[in-house]
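Please open the model in your viewer and set the display to cartoon, so that individual stretches can be selected one after another as you read.

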Amino acid sequence: MQKKCTVSPADQFPMVVVEHLVKRFGSFNALNDINLNVAKGEKIVLCGPSGSGKSTLIRCINHIERHDSGRIVVDGTELTDRIGDINSVRCEVGMAFQSFNLFPHLSVIENCMLAPMKVRGLPRAEAHGRAMTLLRKVRIHDQAKKYPAQLSGGQQQRVAIARALCMQPKIMLFDEPTSALDPEMVKEVLDTMVELAQEGMTMVCVTHEMSFAREVADRVVFMDRGSIVEEGDPSTFFSAPNTERAKAFLNQIIH
C-alpha cells in the first residue's frame, strides 16, 4: 500500500458532526451517547467486535437508520425527518455496502448512470461519460456492458464504489466492503479505497482490515457495546492502546 495522505490544517473543519447520538432497536441500545467529528479530507476507521455499533453508526449518518436522539450534521445540514434534509445529505454521501447492492437487471454502466440522471438531472450522454471515467478509475471499464451476476465479488464491489462516486459525493462511507469477498479479491478493493484516500476523499470505513487502518487512517475509532471506547492515531492505537478492552481486541485479531 502507498503512504497515506495526511489531512492539512486548513482542511480541519467538520464534514460530519455526531453529538450525543442514541439508537435503539426495541429495548436494545445499539448506540449510547456517541460523539464524533470527521474533518474534511479525514480518513476514519471504525473497528471493534461484531455488534459493537459500527455499522449502525455509519447507517445513521446516511439516515438508512433513523437515530432516536442526538444530532447528526453532514456538511452543514442537520439530519432530521424532513425529506429535504435526508435527500440533501444523501446527495453528498456515497456508501459502499458489504453486499454490493447493485441492481441485477441493469448493466454495470446502467447501474452507474441511474442516480446521476434521476437525482442530479444529468443528461444521458454526460452521465455515460462520467460513469465510464469512474469505471476506468476503478479499473473495471472493460466490464461496462456486463450484468452484476457476470462479475466476481471484487469486481462487483468496485462497480459499487464507482456507482457511489458517480454522484460526486463529498464523503464516502464503507460498511465492511471486503467482508463478503474471497481473500484474493480483497486487495483489488482495498487498492481502490487507498487511491480514494490519496486523493483526499473524506472517508469513514468500518473494516477489520487492520493493514488498511495502519497505513491509510488518520484516526482509528474503537467501539464496543454501542460506545466509543478509545480513539487515536493508528501508530498509537496499534502500539499502545489505552484500554484493556482495546488491548484484548487487538490481541485477538493481530498475530
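In what follows, two strands count as paired if DSSP finds at least two bridges between them. With that in mind, select the sheet of this predicted model: 6 strands form an open sheet with mixed pairing, and their order across it is 6-7-8-3-9-10. At its edges you will find strand 6 (93-96) and strand 10 (227-232), each of which pairs on one side only, while the twist from one strand to the next averages 20 degrees.

Begin at the edge with strand 6, which pairs with strand 7 (residues 171-175) in the parallel sense over 4 bridges; if you pick Val93, its bridge partner in strand 7 is Ile171.

Next, select helix 1 (residues 54-61), which packs on the sheet and touches strand 3 (43-47), strand 6, strand 7, strand 8 (202-206) and strand 9 (219-224), its direction making about 150 degrees with that of strand 7. Then add helix 2 (residues 83-92), which lies across strand 6 and strand 7 and runs at about 65 degrees to strand 6.

Now move to strand 3, where 5 of the 5 residues are buried, so this strand is largely enclosed by the rest of the structure. Show the side chains here: Lys43, Val45 and Cys47 point one way, whereas Ile44 and Leu46 point the other way, and all are buried.

Finally, look at the two neighbours of strand 3. Strand 8 pairs with strand 3 in the parallel sense over 4 bridges, with Met203 of strand 8 opposite Lys43; strand 9 also runs parallel to strand 3 and is joined to it by 4 bridges, Val220 being the bridge partner of Val45.

Key: Residues are numbered from 1 along each chain as its sequence is written. This is a predicted model: local features need pLDDT of at least 70, side-chain atom pairs count only at pLDDT 80 or more; totals for chains, interfaces and linings use all residues. Side-chain values use heavy atoms; hydrogens and water are left out. Axes are lines fitted to C-alpha atoms, for helices over the stretch in contact, and angles run from 0 to 180 degrees between N-to-C directions. Contact means heavy atoms within 4.5 Å. Buried means under 20% relative accessible area, exposed over 50%, partly exposed in between (1.4 Å probe, protein chains only).
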